[in-house]
Amino acid sequence: MIDHKGRKIDYMRISLTDRCNLRCKYCMPDEGVSLLRHEDILSYEEIIKIVRVAANLGISKIRLTGGEPLLRKNITYLVKSIKNIKGIEEVSITTNGILLERLLDDLIEAGLDRINLSLDTMNCATYKEITGSDKLQKVLNGLYKALDSGLKVKINVVPLRGYNIDELIDLVKLTIDRQLDVRFIELMPIGLGKNFDSIENEDILKEIKKEYKIHKMLGTIGNGPAVYYKIQEGKGSIGFISPLSHQFCKECNRIRLTAEGFLKLCLHSNKGISLRDLLRKNISENELEEIMRTIIALKPDRHHFQEDTENEDSRRMHQIGG
Ligand code: SAM
Ligand code: SF4
């Protein structure tokens, strides 16, 4: 559907859980996280109903995220069910990859179209420092298995001053031999992200240009706002997502559904509505469709990360889904 700013809204990110098996420093605190109760989280039946209605409104691409989406039991059932909904063209997952190797075959069989793997470093010590985990090898096994299977894979990297800045070129090198997109995402001042320092994508690009001959690619890959480059002989590409230094709200095509069923219109803003509460009052799919249509049309013009705290959402990234 088209919102009040003329933007085509065709992409919905769904957070399946606020739980995670990692503790990335900029996303989830080590301890003291208050997690949603099982009964507060949307059931698969509720999610499927919402996607059916969203598909009627023109949503054609769904991304499952979290917390860690692969922690949700029987996720392959959900992938398959969403894939079978009329109007849904693509189902993808954003994951930290810890459980990927184990679940990959079933996910592919269920119809999964692509994977975004969050991987900020390929160095075991840095990985442990950022995520608190020593399971980097498990993630890499999942990554290589996904690539070997022919699934479309993107690696998402959040550059963090004092942690992985020296390794960014090593991650870029992965795009030379593999059909793989490596994308740098500017750290957003959400939750714990406010305590860390990132680096502007322009500066990363300058560093890459010192090492490699690269050219800008035309068009987009997938559903996002990334700008892509290619190393001359590279099989894959390098993407930059710059929500702060190059705001892309004018082209924003997405809405979000949190694990507790809040339909969120913008990453930064608290505007939206609890679809869970509506569903649990037994409203019909037709009524839900009208309400969603009205709310989505009001999607904020742009984010106000750097200036407005009044309408800021207090949810953390592991609660929203990124
Ligand atoms: N657990 C899954 C994962 O890590 O891929 C899915 C959820 S995670 C919240 C989704 C993405 O958000 C990850 O790529 C993570 O690096 C990113 N992220 C978390 N906090 C962020 C922040 N403050 N700024 C930018 N990206 C952030
Ligand atoms: Fe978990 Fe993803 Fe947040 Fe890391 S970024 S703590 S993997 S939800």
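The following dialogue goes through a predicted model and sets its values against their definitions.

Tutor: In this predicted model, local features need pLDDT of at least 70 and side-chain atom pairs count only at pLDDT 80 or more, while totals for chains, interfaces and linings use all residues. Residues are numbered from 1 along each chain as its sequence is written, chains are lettered from A and ligands numbered from 1 in the order in which they are written, and side-chain values use heavy atoms, with hydrogens and water left out.

Student: What makes the pair between Ser118 and ligand 1 a polar contact?

Tutor: A polar contact is a pair of N or O atoms within 3.5 Å. An N or O atom in the side chain of Ser118 is 2.5 Å from an oxygen atom of ligand 1, so the pair meets that definition. A polar backbone atom of Met188 lies 2.7 Å from a nitrogen atom of ligand 1, and for a polar side-chain atom of Glu68 the distance to a nitrogen atom of ligand 1 is 3.3 Å.

Student: How much of ligand 1 does the protein bury?

Tutor: Taken alone, ligand 1 exposes 550 Å², of which the protein buries 94%; accessible areas come from the Shrake-Rupley method with a 1.4 Å probe.

Student: Which residues surround ligand 2?

Tutor: Cys20, Leu22, Cys24, Cys27, Met28, Gly67, Asn96 and His318 do, where a residue counts if one of its heavy atoms lies within 4 Å of the molecule. By class this shell has 5 nonpolar, 3 polar and no charged residues, with Asp, Glu, Lys and Arg counting as charged, Ala, Val, Leu, Ile, Met, Phe, Trp, Tyr, Cys and Pro as nonpolar, and the others, Gly among them, as polar.

Student: Why do β7 and β12 stand at the edges of the open sheet of 12 strands?

Tutor: Each has a single partner strand, so one side of each is left without a neighbour in the sheet; two strands pair if DSSP finds at least two bridges between them, and strands are DSSP runs (E, at least two residues), numbered from the N terminus. Strands β8 and β9, joined by 3 bridges, run antiparallel.

Notes
Helix = DSSP H or I, 4+ residues; strand = E, 2+ residues; numbered from the N terminus. Polar contact = N/O pair within 3.5 Å; in protein donor to acceptor, adjacent residues only side chain to side chain.
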